[in-house]
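Reader: I have the sequence and the model open side by side. Can we go through the contacts and the sheet by question and answer?

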Amino acid sequence: MSKSASAPVFKPLYEQIKVFLTQSLIAGEWKPGESIPSEIELAARFNVSQGTVRKAIDALAMENILIRRQGKGTFVATHKEEQSKLRFLRLTSADGHKQPLNNQLLSCKRLKASAEISQLTGLKKGTAVIEIQRLLTFSGEPKILDYIIVQAKFFRGLNSSRINENNGSLYSMYETVYGIPMVRAEEKLTAVAASAGEGQLLHVQTGFPLLKVERVAYTYGDKPMEWRVGLCVTDQHHYMNELE
């Protein structure tokens, strides 16, 4: 008998429930910021034990897709809440003090993906995309130059006015205006030298060392929705991350 056919992959029951819960989130059954049914209700719905549901919810909470609140229930994570708006921003002042953050939109335009954009995103050359460039300042000093790409078909009507209406909070806008919450991100960090144009915007000399952060942000179902390159000035700041 041939052994070339692969055997079906077994998934623990709690992982199957996790998939069902994720499918409900994708379908919009529970929106960001809303509570989901209790463990008892979900156990009855899926005909499994409460412990199995709890394990599935724990797994989604570990991924920051759901948030448990003592005595209140379990809620869908949202970027609208103040403590979640800067969830993916890791640049911190060297002395640990919080600084006023401001977004300055430099440009927002619709274009066809070039070879460079295709290489960055994996999208086909010629795909309709929206390119956003902005400057983030800490206490009035420019510290991050962002270059952002999203697919135009998922963000219809996205323009400078809409970004400014949402005070520059892109992840909150993706969630509230387009129904696309970003639930996780992958980043790649490298050191680069500032070009003349980048140096002018960031108030540093040409050749000044910058931290380049390439980020891909994903929505439910591990679907990539945003590609971002951030150039960071870190002479008085550092990149802070927590590992578990």
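Reader: Which residues is Thr74 in contact with, leaving aside its neighbours within four places in sequence?
Author: This is a predicted model. Thr74 has its place in strand E2, residues 73-76. Once neighbours within four places in sequence are set aside, its contacts are Glu34, Ser35, Ile36, Ile57, Leu66, Ile67 and Arg68.

Reader: Is Thr74 buried or exposed?
Author: The cut-off for buried is under 20% relative accessible area. Thr74 has a relative accessibility of 9%, so the residue counts as buried.

Reader: What separates the C-alpha atoms of Thr74 and Glu34?
Author: Glu34 is among the contacts of Thr74. Along the chain the two residues are 40 apart, while the separation of their C-alpha atoms is 8.5 Å.

Reader: Which residue in E2 is the bridge partner of Arg68?
Author: Strand E1, residues 66-69, runs antiparallel to E2, and four bridges join them. The two strands form a hairpin with three residues between them, and Gly71 in that turn has a positive phi of about 80°. Across this pairing, the bridge partner of Arg68 is Thr74.

Reader: Which ring does Arg69 lie over?
Author: Arg69 is placed over the face of an aromatic ring, at 4.5 Å from the ring centre. That ring belongs to Phe75.

Reader: In what order do the six strands of the open sheet come?
Author: The pairing in this sheet is antiparallel. Strand E4 (101-112) and strand E7 (184-193) each have a single partner strand, so they stand at the edges with one side left without a neighbour in the sheet. On average, neighbouring strands are turned by 15° against each other, direction ignored. The order is E4-E5-E6-E9-E8-E7.

Reader: Which residue in E6 does Glu131 stand opposite?
Author: Strand E5, residues 128-138, pairs with E6 in the antiparallel sense over 10 bridges. In that pairing, the residue opposite Glu131 is Ile149.

Reader: How many of the residues in strand E9 are buried?
Author: E9 spans residues 223-232 and lies between E6 and E8 in the strand order. Seven bridges join E9 to E6, and nine join it to strand E8, residues 209-219. The strand is mostly covered: of its 10 residues, the buried ones number eight.

Reader: Which residue in E9 stands opposite Tyr218?
Author: E8 and E9 form a hairpin with three residues between them, and Gly221 in the turn has a positive phi of about 75°. The ring of Tyr218 also has the charged end of Arg184 over it, 4.2 Å from its centre. On the E9 side, the residue opposite Tyr218 is Pro224.

Reader: Which strands of the sheet does H6 touch?
Author: Helix H6 covers residues 170-178. The helix packs on the sheet, and its direction makes about 160° with that of E9. The strands in question are E5, E6, E8 and E9.

Reader: How many aromatic pairs are there, and what kind is the pair of Phe155 and Tyr174?
Author: The count comes to four aromatic pairs. For Phe155 and Tyr174 the ring centres are 4.9 Å apart and the planes stand at 55°, so the pair is tilted. Phe155 lies in the loop between strand E6 (141-151) and helix H5 (160-165), 19 residues from Tyr174 in H6, and the pair links distant parts of the chain. Both residues are buried, and the kind of pair is tilted.

Reader: What kind of aromatic pair do Tyr171 and Tyr174 form?
Author: Tyr171 and Tyr174 are three residues apart in helix H6, which means about one helical turn between them. Both are buried. Their rings are 5.8 Å apart centre to centre, with 65° between the planes, and the pair is edge-to-face.

Reader: Which residues form the aromatic cluster?
Author: Tyr174 pairs with Phe155 and also with Tyr171. The cluster consists of Phe155, Tyr171, Tyr174 and Tyr178.

Reader: What share of the residues in the protein chain is buried?
Author: The secondary structure of the chain comes to seven helices and 10 strands. The chain exposes about 14,100 Å², with carbon and sulfur atoms supplying 50% of that area. Of its 244 residues, the buried share is 39%.

Note on methods. Residues numbered from 1 in each chain as written. Predicted model: local features only at pLDDT ≥ 70, side-chain atom pairs only at ≥ 80, totals over all residues. Heavy atoms only, no water. Buried < 20%, exposed > 50% of the residue type's maximum accessible area, 1.4 Å probe, protein only. Areas by Shrake-Rupley, 256 points an atom, 1.4 Å probe, with all protein chains shown as cover. Phe/Tyr/Trp six-rings, centres within 6.5 Å; stacked < 30°, edge-to-face > 60°. Lys NZ or Arg CZ within 6 Å of the ring centre and 35° of its normal. Contact = heavy atoms within 4.5 Å. Pairing = 2+ DSSP bridges. Axes fitted to C-alpha atoms, helices over the stretch in contact; angles between N-to-C directions.
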